[in-house]
Amino acid sequence: MKKIALKGITAAVALAFAAGGALAQEKTIKIAGFGAKSGVVRSFGINSEAAMLAAADQINKAGGVALADGSKAKIKIDYYDDRCTAEEGISVARRMAGTDALVGVGPTCSNVAEPLFGILQKKAGDASDSGLQFPIFSDVAIKGGLARISEWSFRNVPNEMTMYSSMFYWLKQKHPEMKTVFGGVEEDFAHSRATWYVVMKDRAAANGYTIAGETKWLLADTNFATQVREMKKANADVVAISAHPFSTCGVLKEMQRQGVKPKLLVGLTSTSSLETMQGCAKQAEGMMIPTSFAPVNKEGKAAADATAKFKGSADLHSMAAWENMFILKQVMESEKISGNPKDVQADRRKIRDGLAKLKVTKGLLGDTKRTEDREADKPYLFVQAKGGNWVVLHNPL
Amino acid sequence: MLDFIQSLSDGVLFGATYALIGIGFTLVFGVMHKLNLSYAAASVGGAYCGLLVLKVFAGAPPLAVFFCAFLAGGLLGYIVYLACFHFIPISNPLATLMATVGMLLLVDEVIVHQTDGMPLNYPALFDDVMLRAGEFTLRGDLLMVFVVSILCMAGLLALLYRTRLGLATRAVSQQAVAAQLCGIRVGQVNAMTFVITGLLGGIAGAMIGASVGTLSPLLTTPLTIKGLIVTVIGGLGSIPGAIVAGLLVGGFESVLQQYRGVTERDLYVMLLLFVFLVFRPGGLFAPKEGRD
């Protein structure tokens, strides 16, 4: 009896050691997320972090990332707050590059992405350029054309030019009676400003609309009476508002007071979120926005549910972070990264090269085409505010 | 001409909220000769607290929200007093000033963390009322804000000039040492000043929320700047000055927005401030020089 007990104990100890050894050998791959987790755009950072954690959890539960030596590694996410300021964003990027993180996913704001991409090495492998050699795969910062700044910068954000072009084209076919567009723009925010002047205005005119005028306000303005009076005088069929939720809501409420009722309201991509519904669901009723995410299929719903478990909400930005995680897993496996701490820089280079090679990636709404300048051409939908929710109005693809 | 009158009236009505914020700055300065830079942030914080009523009693009337904001503003005022003035050596002006800057950032960040920075719908009274005279219109909710602001100012002036507390407050503002020798508890008067300005701030925050229709932490910094401008133009320590300057800045800003656009508007407001600082540094209603 004693012998059996002794053998049992020996076996248990041996098993425990074996398990311990296996645990000790288990590798982790660090991915750094960064974005605004403080300030007025905090919700973007929270949602992106939640989506990244949810995606990593799903990948880890399925075994993790396959490495060059055939072993598997779990993904660990570290998320940094860049406060949506350029100097903090650059500081965060330098800190991330100083860790063993293999790639960064972020940032939230275009005014961070633009200078941040500027400190990365412009041409990969250029020994004369001492810029950071750290791949960054953006999920939120949406201002057009930023990825071309550096060969280490990649983006999985929707192409607003394509989306608004398609939307105005569809509107022209569907409602030929609408002929004029009036623009309202939040003048002091990089994304909203660029979207009106470079995208909406241009695309509306290209699709045969007459631009009846434009009015401007600032992000933190509190009184929109003058701007809405200009809007009222123009009496345009379509009012396009290129602004973030706080000032969008202020303008919509002033429009209601002054009785300005255009035939159609068009909004900024980033406004198709929970924020607008919390601020002014009633006044936003009928607003139409092109977006690269809506939970319209099984994958989208599952991603949204998984993100909700990590206390985030699914929108076009956070779901880009979700997609990025799966794209990175695919790239890390195809490029056969080692996952060893001593090979961090080599692995970063492999990830960069792998991302640059991609022609098509899988997205929640379908396949995303990758462009030569490291941008994405994502599938999209048109959504409309209805009864306090964003509902799909049309799927053009 | 109609555009000018319309812009001016819109601006003046909205300027009432600037006046309320300006009064808070000026009253504290008048009594303690200190600047409380966290005042506008605490006012917006009070307005956010007002929304708690809607969380507990969904469908509560806007007046209940405003009243809760009023009370919360007073409480926040007292907390600001304790944190930034009571336990900090008052003889060091920089220490209290920096403490209020810290409090501004703290209140701002607390709001951001509690709301994730999302704009929140704020209830209003008479927001569906629009008075019309031909093309000329007046917003019912802004008129309400204007009337409430005027009532608050009248109440404050009555408190200052018709009550023993007001007498004590004025005594401390004129000569703190002499007031203490007369048996007035200076610390208590200072604390009460913060509570009163806090109550006023709660109302100001609620009125701003009601007139915009939405609350956001984005409001704290611009309101702090506007409050300071109003205080300087009105004359540091002058309540009538803050009222007149608030309406003046509101009207000036709105007219300039109409004719010069939003990108130049703030430039001219700052220019107005510089003009006052150079040619009339004491502001519109510069208090008479005291004995010391």
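Modeller: A salt bridge is a side-chain nitrogen of Lys or Arg within 4 Å of a carboxyl oxygen of Asp or Glu. Please keep in mind that the structure we are discussing is a predicted model.

Biologist: How many salt bridges does this rule give over all chains?

Modeller: Applied to all chains, the rule gives a count of 32 salt bridges.

Biologist: What makes the pair A:Lys263 and A:Asp237 a salt bridge?

Modeller: The two side chains meet with N and O at 3.3 Å, and because the rule asks for a Lys or Arg nitrogen within 4 Å of a carboxyl oxygen of Asp or Glu, the pair qualifies. A:Lys263 lies in the loop between helix H8 and strand E10 of chain A, and A:Asp237 in the loop between helix H7 and strand E9 of chain A, so the salt bridge ties together parts that are 26 residues apart in sequence.

Biologist: Are A:Lys263 and A:Asp237 buried or exposed, and how do you know?

Modeller: A:Lys263 has a relative accessible area of 53%, and exposed means over 50%, so A:Lys263 is called exposed. A:Asp237 has a relative accessibility of 13%, and buried means under 20%, so A:Asp237 is called buried.

Biologist: Why is the pair A:Lys357 and A:Glu335 called a salt bridge?

Modeller: Their closest N and O atoms are 3.0 Å apart, and the cut-off is 4 Å, so this pair also satisfies the rule. A:Lys357 belongs to helix H12 of chain A, while A:Glu335 sits in the loop between helix H11 and H12 of chain A, so parts that are 22 residues apart in sequence are tied together. With 53% relative accessibility, A:Lys357 counts as exposed, whereas A:Glu335, at 16%, counts as buried.

Biologist: What can be said of A:Glu372 and A:Lys359 by the same kind of reasoning?

Modeller: Their side chains meet at 3.6 Å, N to O, which is within 4 Å, and therefore they form a salt bridge. A:Glu372 is in the loop between strand E13 and strand E14 of chain A, and A:Lys359 is in the loop between H12 and strand E12 of chain A, so the pair ties together parts that are 13 residues apart in sequence. A:Glu372 is exposed, its relative accessible area being 71%, and A:Lys359 counts as exposed at 55%.

Biologist: Which residues are linked in a network of salt bridges?

Modeller: The network links A:Glu254, A:Arg257, B:Arg139 and B:Asp141.

Biologist: Let us turn to the strands. What makes E12 and E14 of chain A edge strands?

Modeller: The open sheet they belong to has three strands in the order E12-E13-E14 of chain A, with antiparallel pairing. E12 and E14 each have a single partner strand, so one side of each is left without a neighbour in the sheet.

Biologist: How do you know that E12(A) and E13(A) pair?

Modeller: Two strands pair if at least two bridges are found between them, and E12(A) and E13(A) have three, so they count as paired, in the antiparallel sense. Within this sheet, A:Val360 stands opposite A:Lys369 in E13(A).

Biologist: Which strands stand at the edges of the open sheet of six strands?

Modeller: The order of that sheet is E2-E3-E1-E4-E5-E6 in chain A, with mixed pairing. Strand E2 and strand E6 are the edge strands, since each pairs on one side only. Helix H12(A) packs on this sheet, where it touches E4, E5 and E6 of chain A, and its direction makes about 40 degrees with that of E4(A).

Biologist: How many bridges join E1(A) to E3(A) and to E4(A)?

Modeller: E1(A) is joined to E3(A) by nine bridges and to E4(A) by four, and in both pairs the strands run parallel. A:Lys27 stands opposite A:Ala73 in E3(A), and A:Ala32 has A:Gly104 as its bridge partner in E4(A).

Biologist: What makes E1(A) a mostly covered strand?

Modeller: Seven of the nine residues of E1(A) are buried, and buried means under 20% relative accessible area, so "mostly covered" is a fair description of E1(A).

Biologist: Why does the pair E4(A) and E5(A) count as paired strands?

Modeller: Two bridges join E4(A) to E5(A), and pairing needs at least two, so the condition is met. These two strands run parallel, and A:Gly104 has A:Ile136 as its bridge partner in E5(A).

Methods
Residues numbered from 1 in each chain as written. Chains lettered and ligands numbered in written order. Predicted model: local features only at pLDDT ≥ 70, side-chain atom pairs only at ≥ 80, totals over all residues. Heavy atoms only, no water. Buried < 20%, exposed > 50% of the residue type's maximum accessible area, 1.4 Å probe, protein only. Contact = heavy atoms within 4.5 Å. Axes fitted to C-alpha atoms, helices over the stretch in contact; angles between N-to-C directions.
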